[in-house]
Amino acid sequence: MRTDVRFGSAGIQIAGHLYTPGDSRTGPRPAIVVGHPGSGVKEQAAGLYARHLSEQGFVTLAFDAAYQGESGGTPRGLEDPAHRIEDIKAAVSFLTTRKEADPERIGAVGICASGGYVLAATASDHRIRAVGTVSAVDIARQFRDGADGAQDPAVFQQMLDAAAAARTAEARGEGPQSFQLFPDTAEQARALGGQHAVEGFEYYISGRTQHPRSARFLTWSSIDRIAFFDAFRFAGLIATTPAHDCRP
């Protein structure tokens, strides 16, 4: 069963889908927060994983990050690692209020960029008793170094220049400044990033998995927020946390 839900994250209303198993078992169950990829929405990969995990007996929650999808927050299209982590913790808080969920057995799954965000959230929030990732990526490292790690450092410096100029323009009343996240065609995607970029284009823009609320742009002010994020810096804090049995 899927239920539309709302909860707060640092003053912003977050839109989520709560999935509950369809069997006749009663009582609280282990629960899992599922984070979507960068530019994704809850109706895509996160919702698919949440639904399948629910079929295995978990209560699951997929949600749109603040500033994206059906969630609130302006400017639209902002990718803020700090708030993304806060969203995950807020989702955990929401699950602790639900009678269907066992507050002592809450885990988190992150897909792509959220794979990095859930690690940071788990390192600092001991309510998250288990963590898993799918194609985890450190979004900041990808912007700084490129998808293959071979990007010219000057490219990111130019992006920071653009982010600084955008903040100045916004201060002068010119409105949010953004940049296109995906090229217009698969051929352009291949020229810019090879097969990696083509697969992203097909998933988010042209394929059967595309969704109208999936982000097509990011604000330039996302870039200087992303710049100093490090998804794996505090992974050691997870290693020292006792493991918990979160099986359904």
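Which residues does Ala10 touch, not counting residues up to four places away in sequence?

**Entry 1: Ala10.** I am working from a predicted model, and I began with the contacts of Ala10, which touches His83 and Glu86 once residues up to four places away in sequence are left out. I then placed Ala10 on the chain and found it in the loop between β1 (2–9) and β2 (12–19). With a relative accessible area of 60%, Ala10 is exposed, because the cut-off for that class is over 50%. I also looked up a distance from this loop residue: the C-alpha atoms of Ala10 and His52 are separated by 29 Å, with the two positions 42 residues apart along the chain.

**Entry 2: Asp4 and Arg2.** I turned next to charged pairs, noting that side chains of opposite charge can pair when their charged atoms come close. The count of salt bridges in this model comes to 17. One of them joins the side chains of Asp4 and Arg2, at 3.8 Å from N to O, which falls inside the cut-off of within 4 Å. I checked the accessibility of both partners: Asp4 is exposed, with a relative accessible area of 57%, while Arg2 is partly exposed at 47%.

**Entry 3: Lys42 and Glu70.** I then looked up the salt bridge in which the side chains of Lys42 and Glu70 meet, at 2.7 Å from N to O. This pair links distant parts of the chain, 28 residues apart, with Lys42 in the loop between β3 (29–35) and α1 (45–55) and Glu70 in the loop between β4 (59–63) and α2 (81–96). Is Lys42 buried or exposed? I recorded Lys42 as buried, at 1% relative accessibility, because buried means under 20%. Its partner Glu70 counts as partly exposed, at 32% relative accessibility.

**Entry 4: Arg213 and Glu43.** Which residue forms a salt bridge with Glu43? I found that the partner is Arg213, with the closest N and O atoms 2.8 Å apart. Arg213 lies in the loop between α6 (186–206) and β8 (217–219), and Glu43 in the loop between β3 and α1, so this salt bridge ties together parts that are 170 residues apart in sequence. Both partners are partly exposed, Arg213 at 33% relative accessibility and Glu43 with a relative accessible area of 28%.

**Entry 5: the network.** Finally I asked which residues are joined into one network by salt bridges that share partners. I noted Lys42, Glu43, Asp64, Glu70 and Arg213 as its members, so that the pairs of the two preceding entries belong to one network.

How values were computed. Residues are numbered from 1 along each chain as its sequence is written. This is a predicted model: local features need pLDDT of at least 70, side-chain atom pairs count only at pLDDT 80 or more; totals for chains, interfaces and linings use all residues. Side-chain values use heavy atoms; hydrogens and water are left out. Buried means under 20% relative accessible area, exposed over 50%, partly exposed in between (1.4 Å probe, protein chains only). Helices (H or I, at least four residues) and strands (E, at least two) are DSSP runs, numbered from the N terminus. Contact means heavy atoms within 4.5 Å.
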